[in-house]
There are 4 protein chains.
Amino acid sequence: MGVATTGGDAPGMNAAIRGVVRIANSKGFEVLGFERGWEGLLSNRFRPLTSRSVGGILHLGGTILHTARCLEFKKDEEVRKAARTLELNNIDGLIVIGGDGSFRGARDLGKKTGTSIIGIPSSIDNDVFGTDETIGFDSAVNTAVGEIDKIRDTAISLERIFIVEVMGRTRGFLALTVGITVGAEIILLPEVKYENEEIFRTFKEIKEKGKKSGIIVAAEGIVDTHQLAVELEKATESEVRLSVLGYTQRGGNPSARSRLLASLFADEAVELLSRGEGGRVVGLQNGKITSISIEQSCKTEKPLELNLLNLARRLAA
Amino acid sequence: MGVATTGGDAPGMNAAIRGVVRIANSKGFEVLGFERGWEGLLSNRFRPLTSRSVGGILHLGGTILHTARCLEFKKDEEVRKAARTLELNNIDGLIVIGGDGSFRGARDLGKKTGTSIIGIPSSIDNDVFGTDETIGFDSAVNTAVGEIDKIRDTAISLERIFIVEVMGRTRGFLALTVGITVGAEIILLPEVKYENEEIFRTFKEIKEKGKKSGIIVAAEGIVDTHQLAVELEKATESEVRLSVLGYTQRGGNPSARSRLLASLFADEAVELLSRGEGGRVVGLQNGKITSISIEQSCKTEKPLELNLLNLARRLAA
Amino acid sequence: MGVATTGGDAPGMNAAIRGVVRIANSKGFEVLGFERGWEGLLSNRFRPLTSRSVGGILHLGGTILHTARCLEFKKDEEVRKAARTLELNNIDGLIVIGGDGSFRGARDLGKKTGTSIIGIPSSIDNDVFGTDETIGFDSAVNTAVGEIDKIRDTAISLERIFIVEVMGRTRGFLALTVGITVGAEIILLPEVKYENEEIFRTFKEIKEKGKKSGIIVAAEGIVDTHQLAVELEKATESEVRLSVLGYTQRGGNPSARSRLLASLFADEAVELLSRGEGGRVVGLQNGKITSISIEQSCKTEKPLELNLLNLARRLAA
Amino acid sequence: MGVATTGGDAPGMNAAIRGVVRIANSKGFEVLGFERGWEGLLSNRFRPLTSRSVGGILHLGGTILHTARCLEFKKDEEVRKAARTLELNNIDGLIVIGGDGSFRGARDLGKKTGTSIIGIPSSIDNDVFGTDETIGFDSAVNTAVGEIDKIRDTAISLERIFIVEVMGRTRGFLALTVGITVGAEIILLPEVKYENEEIFRTFKEIKEKGKKSGIIVAAEGIVDTHQLAVELEKATESEVRLSVLGYTQRGGNPSARSRLLASLFADEAVELLSRGEGGRVVGLQNGKITSISIEQSCKTEKPLELNLLNLARRLAA
């Protein structure tokens, strides 16, 4: 079997690699680890992974196999190179640990080479259809929450409003969960339109109730937060500051939950491959480990539970 | 409405109190907070809780209402006192935040007084039937995992085996989840018999494979860990040390997941009471918020997913 | 006695307030806490602080007295207002917890009113002359280091160079200590000129040695980090990313060292006031608690140990 | 040059190894790392360390060279073996990273073989004469403080007194610094006699003032804490619980301060060896990096600043 991590890194990728290797070993399979995601497949760069060589990595952030931004397999030549690598090394099945960009590549590669490929959803963005949670999401949420708990110290001490930008690429999963668990007064998501006036009104109402500080959690890229800060300052006569949490959300030791998901997903992925099944993405659905077709995962947009936004509003009242 | 926290404290209890008060307020209910669990009910000791007075507690461990060990309402006089308190203060519904001991008391009180009572499962032990997860469990798991990550540094540096005792009262939920997520070679649970010989054999095999350190995670109270350490040292000729994690597992800022559960449970609990429903315990089942009868929750033992133990074994190979 | 926190908040300010109140109480003094820094003095807004009311705050970030940006006492009217407040409340001595901006205000106020004022240096920037370390500096360093440890996971996994901007206002204390303790390849300080070419060369050399990722720690405001990222990317053909750590550095529970300094400084400050001495800033010099005149502290620029920069270079080789 | 870590592990040992290797390399020396402390010297087990091979370890707890309990070089045969190893590998100077037990061994070895040996004080116990602080001490303090901050949540919620046992071997440095920075009501040190009656009286007085919970920090091994808990419970009619922090204090990522000390000590140690000086222990004295003779370090007991105990008492009032 082969294994690779592709796309953005997420805490728990190493736990997933360890899981794949040890479960595969326990079933009699050998595992090759391709390096730097698809690049390892294109250039036949890999290292054999054994139960010993994946020792001591369970709790580490990042990925020992390295990763690189996802390319899609557009050119025939690339597909042929990757197919050649898989053939050369007698790879019967390939496990791809990554997000939805990775799975689009995996789907194409699977189609064109006939290799059995299983996707393990691992992304801090939680934007993979077919699983309620991706490996790394819980870790990134906890990192962001821990940082905003610190920012709140300053918000309260200096009676300021803070706009905190969190990651999430084009989706609001991270911002929504972080927002509700830090008690943000406003949560700005790509999935929901908002009006500046509404934000201003919320903070004016809050101020009248005697609350002198506040937190806005905004998903990256949906608003010019510098501009919003300036306008909010004018509208509320409060000091407003901006903080962009950035790459710390991708790193750090994985939370227990991310490690557990990584172990369960790895177990299911190897089980599928050992039964000869491919073209699937494993996942957690309604509390159970399961899988769906990679095709379906790629073409379906994962819905966001927007009723949480209403709950968040009532909780921050 | 009334609210009380009873039994052992767990991270996220404050988030649940905040949720109950703010959701209740948003529906037009006022909330009284009884202090020190049942004692507040017996002695009519309480404080009015408002949306403002529960500000700034979402992220704090412990409980602002204090708590005390659970008494069962055995004597008629006690029930009468508590009933009197509820009547005096016009309490239509009572929300009890605690574990299964708390819910047995709540069931008895409900039966004998006719008050609508809703239980919110909050316990680091996760031993409440009717919910896949209790508030505080994820926090305690992460605290224990963080500490064992540190102990592993010494285990590896000094090539030692560590026996780490975690909490869980009479159940193995905490030990099992912690054990699998730290990569323990052996996990000892109250639900599963084990033989010392098996433990010795496991570590001898590990040593032969070149692994010179190891971790045993043991649920508290099921084995004389001092004695086990002595015997294991003799059997393996490795140095063996014991660490009892203790009360740090109960404290600390709640994890994002414990805060989220607290918010969702509070929302459901207030919704039930506002509809006049009582005698229920809210919970998370198959990824959905739901509730079961308090009677059923009290009399049913929550099953432990023992297949995780097999997975843990293969992962630590 | 009076106490106020002014200027930017820093972890350990609460520990200092607690120390001032309890030590003052033990010597028979009562303490008034002025709110929002100088504003409380101007508007006579304060609360009496007792040993009980400062309980439970030792480990909390921020400041229970709130703070506000430092104004200098330029207008006579302001000085008169503050003097009036001090007189009205029979304040014999005032303790000001803050940074060098705060002390300039304190010096002016002391001169013009004759009140005994003692400064307790508390700032994440460590830029107060007269003390080797300010309260909060060690906490901010550890927060930044913890975050960069996480960023390094991504740097290594994706083989990228990260430019990380840390705080420090106009000085490089924070950047230098953070840079050396995270093993940064380059540290950019306001005190030291640098050439882009030198940075490019360093990373080219590193790449030739086989190191594919790296960290630049830059003090805020000394370089257009966006521009630097673009140019470095071109020069090294590596991916370069930027992360601005921001306000998390100001918050969070104070480190043990910040708490200890807060306690020792509070003890010395109260001791000085109780002996009738004013116009001084307490500090840590060569491992001993001492004090210098507030005049001297304000007019002298604290030197930065630039030989640490050479050590950092050799260590990151 | 040779380098070894001996005795108990401490956070920052890896930072010291990295420092020694990179500074030595920058001066043109090659470095061999002996494994498992003295055992590596006796059995000639080592690995060459290069600037690249010590990459990525700065922030990790434990020691990549492993360590083992200190033996003293009593038998001539052992000294001969170690001397032989040094000679075989052309070791001109040896750097020993460890605590005072390690330095007694180093002193004996130095005397009997004539090798230049420099000690770098690294121990969570801070019990090395000649330095105000050892590598790892600040890290262990912060770990213990973080854990007691969590225990305090339960202490307050359940209105209990907690006895918390911290490490320190035969000395009270760790207990004293931890005790003062967590605000312990009582600190029990091996250096100071105490009477149970005094402890009981303190907690009775506290209770009368309305404080219902409390913390005792006790250095390990100086009192039967189980027995004390029972008696204190009887005397105060409060619930009393015991928590032994244990081995987590030895592990975890080193604090910024421990990393900085490690870097500064490594620099000084290599500088001394490069000038041909041996038989010294480097240290931090009055805020400056310096060194004393290993002979003096071994035979002098490091004094504990007991006036801090008085300060702690007044602060916890």
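Student: How many residues of domain 1 of chain A are in contact with residues of domain 2 of chain A?
Tutor: Keep in mind that this is a predicted model. Chain A is split into domain 1, made of 2-136 + 254-299, and domain 2, covering 140-250. On the side of domain 2 of chain A, 10 residues take part, and on the side of domain 1 the number is nine.

Student: Which kinds of residue make up the side of domain 1 of chain A that touches domain 2 of chain A?
Tutor: Happy to sort them for you! The side of domain 1 of chain A that touches domain 2 divides into two nonpolar, four polar and three charged residues.
The C-alpha centres of the two domains of chain A lie 35 Å apart. So the classes you asked for are nonpolar (two), charged (three) and polar (four).

Student: What is the order of the strands in the open sheet of chain D?
Tutor: Start at the edges: S7 (186-188) and S9 (239-244) of chain D each have a single partner strand, so one side of each lacks a neighbour in the sheet. Inside, S6 (160-166) and S8 (214-219) of chain D pair in the parallel sense over six bridges. With four strands and parallel pairing, the order in chain D is S7-S8-S6-S9.

Student: Which residue of S8(D) stands opposite Glu165(D)?
Tutor: Look at the pair formed by S6 and S8 of chain D, which run parallel. There, the residue of S8(D) opposite Glu165(D) is Ala218(D).

Student: Which strands of chain D does helix H8 touch as it packs on the sheet?
Tutor: Helix H6 (173-182) of chain D also packs on this sheet, touching S6, S7 and S8, and its direction makes about 165° with that of S8(D). Helix H8 (225-236) of chain D makes about 160° with the direction of S9(D). The strands of chain D that H8 touches are S6, S8 and S9.

Student: Which element gives the most residues to the side of chain C that touches chain A?
Tutor: The contact takes 28 residues from chain C and 28 residues from chain A. On the side of chain C, the elements giving two or more residues are helix H5 (137-157) and strand S9 (239-244). By class, that side has seven nonpolar, 13 polar and eight charged residues. With nine residues, the one that gives the most is H5(C).

Student: What kind of axis relates chain A to chain B?
Tutor: A turn of 180° with a shift of 0.0 Å along the axis lays chain A on chain B, with an RMSD of 0.0 Å. The copies meet through the same surface, because 97% of the interface residues of chain A are also interface residues in chain B. The turn and shift together give the relation of a two-fold axis.

Student: Which residue of chain A has the C-alpha nearest that axis?
Tutor: The axis in question is the one for the turn of 180° that lays chain A on chain B. At 2.2 Å from the axis, the nearest C-alpha in chain A is that of Asn286(A).

Student: How far apart are the closest C-alpha atoms of chain A and chain D?
Tutor: Chain C is superposed on chain A by a rotation of 180° with 0.0 Å of shift along its axis, and 100% of the contact residues of chain C recur in chain A. Chain B and chain C, however, are joined by no contact, and their closest C-alpha atoms lie 11 Å apart. No contact joins chain A and chain D either, and for their closest C-alpha atoms the distance is 11 Å.

Terms used. Residues are numbered from 1 along each chain as its sequence is written. Chains are lettered from A and ligands numbered from 1 in the order in which they are written. This is a predicted model: local features need pLDDT of at least 70, side-chain atom pairs count only at pLDDT 80 or more; totals for chains, interfaces and linings use all residues. Two strands pair if DSSP finds at least two bridges between them. Two residues are in contact if their C-beta atoms, placed from the backbone, lie within 7 Å. Axes are lines fitted to C-alpha atoms, for helices over the stretch in contact, and angles run from 0 to 180 degrees between N-to-C directions. Ala, Val, Leu, Ile, Met, Phe, Trp, Tyr, Cys and Pro count as nonpolar, Asp, Glu, Lys and Arg as charged, and the others, Gly among them, as polar. Domain bounds come from an automatic or database domain assignment. Copies are superposed by least squares on the C-alpha atoms of residues with pLDDT of at least 70 in both.
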